[in-house]
Amino acid sequence: MVLPIIFAIGLAAGFVDAIAGGGGLIMLPGLLFTGLPVSSAIATNKLCGTCGAIASSLKFAHAKQVNWQACRLMALPIIGGAYLGSHSIGLLPTTYAEPLVIALITAITAFIVLKPELGTPQPATKQTHPTQSTTKRIILSLIAGTTIGFHDGFFGPGTGVFLVFVLLSLWSQNFLKATGSAKVLNLLANATALITFALAGNIDYTKGIAGATLAHKKGAKLIKPLFITVTTTLILKMLFNYATQ
């Protein structure tokens with residue numbers, strides 16, 4: 001019964017990921033709902049995320065919708081942050097990890113609810129500023145890359161969305177090119193965390209592969225309500241489990 005649920009979760013996650021990134025917003029809560037421990041669920045989510053990110057990155061690269069200058073600058077910070085984050089979550093005892101994940105999922109859910117335009121494809125806009133590197137842009141990109149990379153390795157959901165926001169803000173990208181660049185950077189973060197988790201033996205490959213097979217599908221408007229429903233139910237379930245332990 002669990003694998004069909006994982007397939008359905010993977011399909012929904014692929015829908016969200018194809019729209020604007022953030023398929024892990026559904027995949028991770030879904031994996032937690034099946035009973036996986038926090039560290040294993042986060043690790044398994046990386047397997048799904050990496051497979052989806054490979055397909056998306058190739059698609060955007062082929063369409064020449066990637067800012068390689070931004071990607072080169074943010075690559076090492078993203079990788080370093082993801083490595084540190086994926087190591088950190090394994091060091092937390094379950095008694096601390098579970099409440100922290102509840103808080104993070106609650107915060108991300110609230111963010112999604114308060115951002116009704118999130119997940120809606122935006123029209124391409126002209127770049128109004130040059131995109132060459134400046135000292136300020138370099139510093140802010142390095143800080144943002146490290147911070148978002150750490151978040152991706154430590155938790156994961158929302159990484160694609162945060163990257164798009166940063167690229168739009170710092171690099172004056174249109175929405176399409178910012179999304180393509182975010183896919184490449186997200187792939188680097190996911191792959192780094194995936195290798196780290198794999199070496200630690202935290203990945204449930206059966207569930208991960210089941211979800212990953214549908215990680216490249218296209219989006220639909222019904223996914224946001226589905227996400228809110230899944231995460232709200234999960235939050236209540238985790239709070240109940242934690243309170244009754």
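Let's start in helix α6, where F150 and F154 sit four residues apart, so about one helical turn separates them. Keep in mind as you look around that this is a predicted model. The count of aromatic pairs in the structure comes to one. The ring centres of F150 and F154 are 5.8 Å apart and their planes meet at 10°, so this pair is stacked. A plane angle under 30 degrees is what earns that label. How buried or exposed are the two partners? F150 counts as partly exposed, at 34% relative accessibility, while F154 counts as buried, at 13%. The cut-off behind that call is simple: a residue is buried when its relative accessible area is under 20%.

Now step back for a moment to take in the whole fold. The protein has ten helices and zero strands, so if you read the elements from the N terminus on, you meet α-α-α-α-α-α-α-α-α-α. There are 245 residues, and 49% of them count as buried. The accessible surface comes to about 11,600 Å², with 71% of that area belonging to carbon and sulfur atoms. Contacts also reach far along the chain: among those between residues at least 6 apart in sequence, 81% join residues at least 24 apart.

Back to F150, which has a part to play at the surface too. Together with Y83 and L84, F150 makes a nonpolar surface patch of about 290 Å². L84 belongs to helix α4, which covers residues 68–91. With a relative accessible area of 48%, L84 is partly exposed.

Helix α6 has another residue worth a visit, D152. A search of the whole structure finds one salt bridge, and its partners are the side chains of D152 and K46, with 3.2 Å from N to O. D152 lies in helix α6 (residues 135–154) and K46 in helix α3 (residues 38–62), so the pair ties together parts that are 106 residues apart in sequence. Is this pair buried or exposed? Both D152 and K46 are buried, and for K46 the relative accessible area is 1%. The two residues also meet in a second way: a polar atom of the K46 side chain lies 2.5 Å from the backbone oxygen of D152.

Stay with K46 a little longer and look at its surroundings. Setting aside neighbours within four places in sequence, K46 is in contact with D152, G153, F155, G156, N190, A193, L194 and F197. One of these, L194, is 148 residues away from K46 along the chain, yet the C-alpha atoms of K46 and L194 are separated by 5.4 Å.

Further along helix α3 you come to S57. At 6% relative accessibility, S57 counts as buried. Which residues does S57 touch, leaving aside its neighbours within four places in sequence? The contacts are K183, V184 and L187. S57 can also be paired with L185: the two are 128 residues apart in sequence, and their C-alpha atoms are 8.9 Å apart in space.

Next comes the loop between α3 and α4, where you will find K64. Phi of K64 is near 60°, a positive value in a residue other than glycine. K64 is exposed, with a relative accessible area of 68%, whereas K46 in helix α3 is buried.

The last stop is T196, in helix α8, which spans residues 175–200. T196 is buried, with a relative accessible area of 12%. Where does its side chain reach? The T196 side chain comes to 2.9 Å from the backbone oxygen of T192. Apart from neighbours within four places in sequence, T196 is in contact with Y83, S86 and H87. Y83 brings us back to the surface, since that residue is also part of the nonpolar patch with L84 and F150.

Methods:
Residues numbered from 1 in each chain as written. Predicted model: local features only at pLDDT ≥ 70, side-chain atom pairs only at ≥ 80, totals over all residues. Heavy atoms only, no water. Helix = DSSP H or I, 4+ residues; strand = E, 2+ residues; numbered from the N terminus. Buried < 20%, exposed > 50% of the residue type's maximum accessible area, 1.4 Å probe, protein only. Polar contact = N/O pair within 3.5 Å; in protein donor to acceptor, adjacent residues only side chain to side chain. Contact = heavy atoms within 4.5 Å. Patch = residues over 30% accessible without salt bridge, like charges linked within 9 Å, V, L, I, M, F, W, Y side chains within 5 Å. Areas by Shrake-Rupley, 256 points an atom, 1.4 Å probe, with all protein chains shown as cover. Salt bridge = Lys/Arg side-chain N within 4 Å of Asp/Glu carboxyl O. Phe/Tyr/Trp six-rings, centres within 6.5 Å; stacked < 30°, edge-to-face > 60°.
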